[in-house]
Amino acid sequence: MREFSQAFLWGAAASAPQTEGHSLENGKSPSTWDKWYKIAPEKFNEGQGPENTSNVYEMYSEDIQRMKELGMNSYRTSIAWTRLLPDGKHVNPEGVAFYSAYFKELKKNGIEPIINLFHFDMPWWLMEKGGWETRESVDAFAFYAKTAFELFGDTVSYWTTFNEPLVHIECGYLYGYHYPAVVDFKRAVQVGYHTLMAHTRAVEEFRNAKVKNGRIGIILNISPAYARSDSKEDLQAKELADLINTKSFLEPAVHGVIPEKLTAVFRTHHLLPKIKVGDKELIRENTVDFIGLNYYQPRRVQAPEHVRVPAQTPADFYLPYDLPNKRINPYRGWEIYPEALYDVAVMMKEEYKNIPWYVSENGMGVAEEERFADENGMIQDDYRILFIQEHLTELHKGITAGSNCFGYHAWTFVDCWSWLNGYRNRYGFYRVDLENHYKRTLKKSGIWYKELIKRNGFDN
Ligand code: BGP
C-alpha cells in the first residue's frame, strides 16, 4: 500500500472568480474578466461568462458539508480583490461578511482553508491605470493583502499571494489569450517584475501582521522542461525554458534572489524591467514558508533554428517539441506524464532547500462528461481516478525519496467555470448542473477520493 503521513493535507482547489458567481452583485466591483465579457462575449465558450459561476456565494455552506462527507481536511480558494475592496481603498461590508462566514465554516468543519489573494482577477479600476504594468499596482496589492490578513488572519493560517503568476503574464502580455491581450515581451517582463514585487510586499505585510501560526507561500504552475535530445542546443533550450518559467519565481520566493542568469539573458535582449532602489533587499528579506505547485503537464522543448537578438518572444529561446506517441488528454490538449511529479519532488528537495511544498492543483478536464453518466446519473469518471492515482504514485515515490511534500489538492471540488473555456471541460468530484440551479451530483471519482482519504493511501 502507498501510505501518506498522518498530517498529509487532502483536499481540492478552486478560485473566487471561477466558483462564487454573483460577480457584479453584493457590492463587488468588476474585474477585467467582467469587463472583457461585456466587451467581447464571443471570446467565451458558448457565451458563458464570469457573472454566474458555480454559485458558491450562496452554496458554500452545503458544499462544505460535501467536503466533510468526503473526508477532506483542507480546501483552497481565493478572495476576489474586487469583492473585498471594490475601489481598492474601502472594504465592502458584504464581502467581509461573506468571506468571514465562509472561512469560519470551513474551520468549524475541520477543513483547513488555504486562502489565495490573486487568481488572474485584476480589478478593472486598476487595469484602467495600467494593471501590473504600473508600479502603483505593487502598493495597491500590498494594501489589499494587509487588509485581508488583518480581517481574516484569526481564522486563516495558510495564505498564498498569487496563483500561477506566469499565466496572467503570458496570457495577458505574450500570447493574447487574456485581457489586455497585448503581445510584447518587454512589457511582459515588466508585468512579471511588478507581480514579483507585489508578492514580495505582501509577504512583508504578512510578517508585520503577525498572523498567529500563520504561514505564507505562493502557488506556481510547474511544467518541468524536457529536451528533445542531449544536443548542446536542445539542452540550452531546456535550461532557458526552466529559467523563464520556473526559476523566475521559485528562486526569489525560496532563495530571495532573482537568478543572475535570467538577468543576464534579459540584459542581452534589452528586456530588463524598471526597478526601484531597495527592491533587491525586499526580495532577499521576504522569502516564503511554503510553496504550492500546480502540475498538469510537462514542457517538451527543442532549440530554435535561429536565436533572434533581441528576442521577441520566448520562442526565440525554446520551441515546443511534439513528442511522438505521447499520452494526451484530448479535451485539453495536454500531455499526461505523471513521472514529472517525481522529478519535481526531487527538484524541490535538492534545489530548494527541501522547503515544505504541496501539490496545489492536479486534475483532468473532460468535455461532455454527461456521456459517462450511468443509469442513476452518476458520472463514471474512471479516467480521472486513473489520472489522480498515477500522479499520486509518482508523488509518493518522491516523498519516499525524502521530498518535503505535505499535501495534495485536486482541481477541483465542484465543476467550475474556466476563463475562456467556460464550463466546457469539467474537473470536479461533483458535477454541476447548469440547467438545474447548479445542482451538485457526486461522481465516481468522489467516492474513490473519499476511500483514498479514509485509508490515507491506496494499493498499487
Ligand atoms: C490552472 C488554473 C485554474 C484552472 C486549471 C484548469 O492553470 O490555476 O484556474 O482553470 O488550470 O485549467 P483550465 O480551466 O484552463 O482547463
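**View 1. The ligand and its pocket.** On a 1 Å grid over the protein atoms alone, a pocket is an open set of points where a 1.4 Å probe fits, with protein on both sides within 12 Å along at least five of seven lines, and a molecule sits in a pocket if more than half of its atoms lie within 2 Å of the pocket's grid points. In this structure, the space taken by the ligand is the largest pocket. The model is predicted, so local features need pLDDT of at least 70 and side-chain atom pairs count only at pLDDT 80 or more, whereas totals for chains, interfaces and linings use all residues. Residues are numbered from 1 along each chain as its sequence is written, and side-chain values use heavy atoms, with hydrogens and water left out.

**View 2. Residues around the ligand.** There are 13 residues around the ligand (each with a heavy atom within 4 Å of it), and those that come nearest are Gln18, Glu164, Arg332, Ser418 and Tyr427. This shell divides into five nonpolar, five polar and three charged residues.

**View 3. Polar contacts of the ligand.** A polar contact is a pair of N or O atoms within 3.5 Å. Oxygen atoms of the ligand are approached by a polar side-chain atom of Tyr427 at 2.5 Å, by one of Glu361 at 2.9 Å, and by an N or O atom in the side chain of Trp419 at 3.2 Å. Taken alone the ligand exposes 370 Å², of which the protein buries 93% (Shrake-Rupley method, 1.4 Å probe).

**View 4. An aromatic pair.** The structure holds 53 aromatic pairs (ring centres within 6.5 Å). The ring centres of Trp33 and Phe44 are 6.3 Å apart and their planes stand at 80 degrees, so this pair is edge-to-face (planes over 60 degrees apart). Trp33 belongs to helix H2 (residues 32-39) and Phe44 to the loop between H2 and helix H3 (56-70), so the pair ties together parts that are 11 residues apart in sequence; helices here are DSSP runs of type H or I with at least four residues.

**View 5. Details of the backbone.** A cis peptide bond, with omega about 5 degrees, joins Tyr179 to Pro180, and Pro180 lies in the loop between helix H8 (165-173) and helix H9 (185-209). Asn55, in the loop between H2 and H3, has a positive phi of about 60 degrees although it is not a glycine.

Key. A polar contact is a pair of N or O atoms within 3.5 Å; within protein, one must be able to donate a hydrogen and the other to accept it, and residues adjacent in sequence count only if both atoms are side-chain atoms. On a 1 Å grid over the protein atoms alone, a cavity is a set of points where a 1.4 Å probe fits but cannot get out, and a pocket is an open set with protein on both sides within 12 Å along at least five of seven lines; lining residues have an atom within 4 Å of a point. Ala, Val, Leu, Ile, Met, Phe, Trp, Tyr, Cys and Pro count as nonpolar, Asp, Glu, Lys and Arg as charged, and the others, Gly among them, as polar. Rings of Phe, Tyr and Trp (its six-membered ring) pair if their centres lie within 6.5 Å; planes under 30 degrees apart count as stacked, over 60 as edge-to-face and the rest as tilted. Helices (H or I, at least four residues) and strands (E, at least two) are DSSP runs, numbered from the N terminus.
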